[in-house]
Every structure is written in C-alpha cells, then in structure tokens.
Amino acid sequence: MRNRESLKNKENSEDNEYREKMQEENVSNQQGNLTGDYKNVFILFLLYLLQGIPLGMGGSIPMILQNKNISYKDQAMFSLVFWPFSLKLLWAPIVDALFFQKMGRRKSWLIPVQYLIGIFMLILSLNIDTILETELPNVIFLTVIFFLLNFLAATQDIVVDGWALTMLQKRNVGYGSTCNSVGQTAGYFLGNVILLAFSSPDFCNKYLRTIPQNQGIITIGGFLFVWGILFFIITSLVWIFKSEKEESDKEQDSIMGTYLKLFKIVKLPAVQQIVIVLLTVKVGFAATDAVTGLKLIEAGVSKETLSFLAVPLVPLQIILPLAISHFTAGPRPLDLFIKAIPFRLVMGLVFAALVYWTGTFSNTNTEGFPYYYYGIILFAYAMHQLFLYTMAVTMMTYTVKLSYSEHCIGGTYITFMNTMANLGTTLTKSLALYFVEELSLKVCDGGIQTLIPLCLTNNMKKKCTSAGGKCVTQVDGYYVETAICTALGFLWLIWRRQSLKQLQSMKESAWKIK
C-alpha cells in the first residue's frame, strides 16, 4: 500500500511540475520574446518554405491533368504522390538516430536530401513541359517522379521538425509550429497558385500583358529549374553558416533503441485513442476536400482562375494559425476542435450546392461567370479555410504538447502524430477520388441505348460510343459521396465527442513510457 501511495504521489508531483512548466512556457510564448532566435525563426521559415514547393507542385499537376483525357481513377493514382508524408514514420527513427557527429544530427540528413531535391528538379525541368503537353500524359511516370520528390520532402520534414526542438530556445519552441504552418503555406502557394497562374497563357494574356502570346510568362520547366538552383544555394548557405548544438551521449539512441521506444509509445492506450481520431476524423470531409475543385473545373471554371482565387486566402491562412494559437494555449485545446467539426461538415453540403449551381449556370451563360459568382465562391472557400485551419492548428498544438512528455525522442513522437494525421487525410482522399465514378450512374444516349441502357463498365462505354451513342451522367457520384461523407461525419462526432473530451483530461503520465 505504501509503495502504491508513494508511486501515486510521485505521479501527482510529476503532473504538477508538468502543468507549472507548461504554464510558464505559455506565458513566455504569449510575451513573444524572440531575442536571440530571430535568425533561427527565419531559417526554419525558409526550410519549411522549401518543403512546400514540391508539395504545391504535386497539388498543381491534378489541375493540369483535369483538362486532359484523364479519368478520376488516374487522378486517384496520382494522389499516391502524397503518401510519403503519411508513411514517413517508417524511416523517422533512422533519421533521428543515424548521423555524423562532426556534421551534426540534423545537417547530416538535411544537406544531402535538399541537394537531391535540387537535382530532381533540374532533371525534371528538361522534359516536364513536353510530358504535360501531350494529349494523354504518362500518369504513371508523373506519379513515380513526384512520389520520389515528395519522399525527399517528407524526409526533410522529419529533419526540420526535429531540428526546431533544439534550434530554438526553450521558451520559443512553440514558434516551430508557426514556422511550419506559415512557411509551408507560402511554399505551397508559390508551387501551386503562382505556378498555375503565371504558366497559363489565358491568365497572362487577360491580366498581365496587352499582346497575346501562346504561352505564359513562365513555364513549368523554367519554374523547376529556378527552384532547383535555389535549393542548391540555400542548402549551401545553411551548411556553411548555421551550426548545430552539441549533444551529449545520453541524448543519442541507437536505431533499434529509437524504434523500440516508438513501439512502446504506440502501445500506450491513450496514444491508441488519439490515433483512432487522427485516422478517421477526415472521413466526413473526404469528398469535399478531394473532389470539389476538380468538379468546379469540370463545370467550366478554369483551373487558373480557381487557383488565383486562392490568392486572397493566403493572408488568412498565415494569420489564422497565429490567431487560433491564442485560444489553444489553454489546457483544453480540443474543445475548439470539436466545435469546428459541424461547421466544416455543413460547408461540404454548401460546396455541393455551389458545384450544382455552377453546372447550371455555365449551361445557360456562354459569356463566362459574373464577378458576383467568384465573390460567392471566394467567400465559401474563406469559410471553409476558417474551419479547416481551426481543426488543423488545434490538433497540431495538442499533439505537440503530448510530444513534450517524451522530449528525448520528441522528433519521432511529433512525426508519429503527424504521420497518423496525414495518413487519415491521404487515405480518405484517395478513396473519395476512386469511388466518384463507382457511385455515378451513366446511361447511353442515342445509338443502341435501348439494348445497352447503362454505361457501367468500360466495355459498355465502348459499345455505346461505337454504335453512335454517348454516355451521359444521370447521377453524379460526387453528390452521392458528399451526402454519405456528411452523414458519416456527424455519426463520427457522436461516436468520438466524449472520447476527445476524456483524452485532454488525462494526466501527463498517460502519454509517457512506463
């Protein structure tokens, strides 16, 4: 009995010390004392910006392919390029444990990985324009190339996340997440919105020049070449001028030891509960996040215009994490996460209505869309981003707090949580893209539609078109999928609401290896 009481008192003492420490860190963060860390914050921002470039390009390729003869199953295949960010946990312990002492734990990986990304970009810049200009682009080749590029970017993410814990002073560690969100958003914006807009002849002829030309101000190949060179320059500067803090032998684990600690973390009941949340929470938003943009393009909105509409949202995406962090600094950050879910689910229905309205509008108006249409779309996207970033930043803040309970392997802990979140996003998006056509109902209009009324298989489609018919969509799987996902989202909220409240009430010892 005495042993139990002493153990219980010890745990209570640890929890009290942890709460006091977190309160001190929160107060310090709110004061915003970045003295001595301004250069480190800039370096982290720059490294996360570089990480966002290949991610943004990976997001722009589906927009370009949508105007080609590409099926949604091909789009689902290309969506595999984002899987490295969902699987990076497999090699994160290796990145944490294996390094050259003289070069530094983080620079041992950061320097070669970023040089490889630069080499990939330079090589890809030679033939990417030719590949994308063909009538039927080689989706398999594009998937393999961008998968490898994102594999390197995901490895860079592991390195920078881990370096942020030691690069910044203890009172400023929380700014690492801010650098992540702001830097990656800026990089994604450059690799996606800026690339699509300035490489589009239509956009450049309409807004940026008076004499029309057949190509944009930049080419995708030229964009890759410039950023390939910048990767080499920035990486070399970091290698030469930024040093790492020396680490003691106690802070070094073997590869097997790091994997063993990770395995023990995964076995914790509290961790298993949060993993269930991270893997399943996105099911309600899958159709909206993965298919809505493609459906708007299919309904007549140009990919360049749709991407350019994201420009006014960039300040919101940068400012919102800073504003939300003020409300998530307390002991119950998941309360805000729970409150945002119903609003984001409703936005899915709003987007479905907007897609339907876009289709009817484009069928009756051959002069394009009026300005008020774009205003409505922009407002809808702004509201969607509000709830999306509220959930993302809140969960990120919560999982970072959990990672401090095992600060010796904090980088792997954070990577584990981020990996589960990314896996939940990638898996649900890929499934959503795949099932759009499966849930659609198409009939043969004209020709032999009385003999073969449906276009359910590729064989039926070929017979219909060869007989002079045309496969017409009667029921769009996007609307069916949106309704199913929204219903599943509300059921999920009923299922996990109480569990989320219990998770953030657990003691710090629930997240530590015994």
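The exercises below work through helices, aromatic pairs and burial in one predicted model.

The model is predicted, so local features are taken from residues with pLDDT of at least 70 and side-chain atom pairs from pLDDT 80 or more, while totals for chains, interfaces and linings use all residues. Residues are numbered from 1 along each chain as its sequence is written, and side-chain values use heavy atoms, with hydrogens and water left out.

**Exercise 1. Describe the chain as a whole: how many helices and strands are there, and what percentage of the residues count as buried?**

Step one is the count of elements, where helices (H or I, at least four residues) and strands (E, at least two) are DSSP runs numbered from the N terminus; the chain has 21 helices and 2 strands. Step two is burial, for which buried means under 20% relative accessible area, exposed over 50% and partly exposed in between, with a 1.4 Å probe and protein chains only; of the 514 residues, 49% count as buried. Step three turns to contacts, meaning heavy atoms within 4.5 Å: among those between residues at least 6 apart in sequence, 83% join residues at least 24 apart.

**Exercise 2. Examine helix 21: what span should its 27 residues have, and where is its kink centred?**

The expected span is 1.5 Å times one less than the number of residues, so the 27 residues of helix 21 (residues 477–503) should span 39 Å, which agrees with the 36 Å between the end C-alpha atoms. The helix nevertheless has a kink of about 45 degrees centred on Arg 496, the bend at a residue being the angle between axes fitted to the seven residues ending there and the seven starting there. The charged end of Arg 496 also sits over the ring of Trp 495, 4.7 Å from its centre; this term requires NZ of Lys or CZ of Arg within 6 Å of the ring centre and within 35 degrees of the ring normal. At the N-terminal end, Asp 476 acts as the cap, with a side-chain oxygen 2.9 Å from the backbone nitrogen of Tyr 478.

**Exercise 3. Classify two aromatic pairs: which geometry does Tyr 356 form with Tyr 479, and which does Trp 357 form with Tyr 373?**

Rings of Phe, Tyr and Trp (its six-membered ring) pair if their centres lie within 6.5 Å, and planes under 30 degrees apart count as stacked, over 60 as edge-to-face and the rest as tilted. The whole structure holds 16 aromatic pairs. For Tyr 356 and Tyr 479, the centres are 6.3 Å apart and the planes lie at 75 degrees, so the pair is edge-to-face. Because Tyr 356 lies in helix 17 (residues 334–364) and Tyr 479 in helix 21, this pair ties together parts 123 residues apart in sequence. Tyr 356 counts as exposed at 54% relative accessibility, whereas Tyr 479, at 28%, counts as partly exposed.

For Trp 357 and Tyr 373, the centres are 5.2 Å apart with planes at 45 degrees, so the pair is tilted. Trp 357 lies in helix 17 and Tyr 373 in helix 18 (residues 371–403), so the parts tied together are 16 residues apart in sequence. Trp 357 is partly exposed at 26% relative accessibility, while Tyr 373 is buried with a relative accessible area of 1%. Both belong to one aromatic cluster with Phe 369 and Tyr 374.

**Exercise 4. Place Ser 430: is this residue buried or exposed?**

Ser 430 lies in helix 19 (residues 410–438) and counts as buried at 12% relative accessibility. Leaving aside neighbours within four places in sequence, Ser 430 is in contact with Ala 76, Ser 79 and Trp 83.

How values were computed. Polar contact = N/O pair within 3.5 Å; in protein donor to acceptor, adjacent residues only side chain to side chain.
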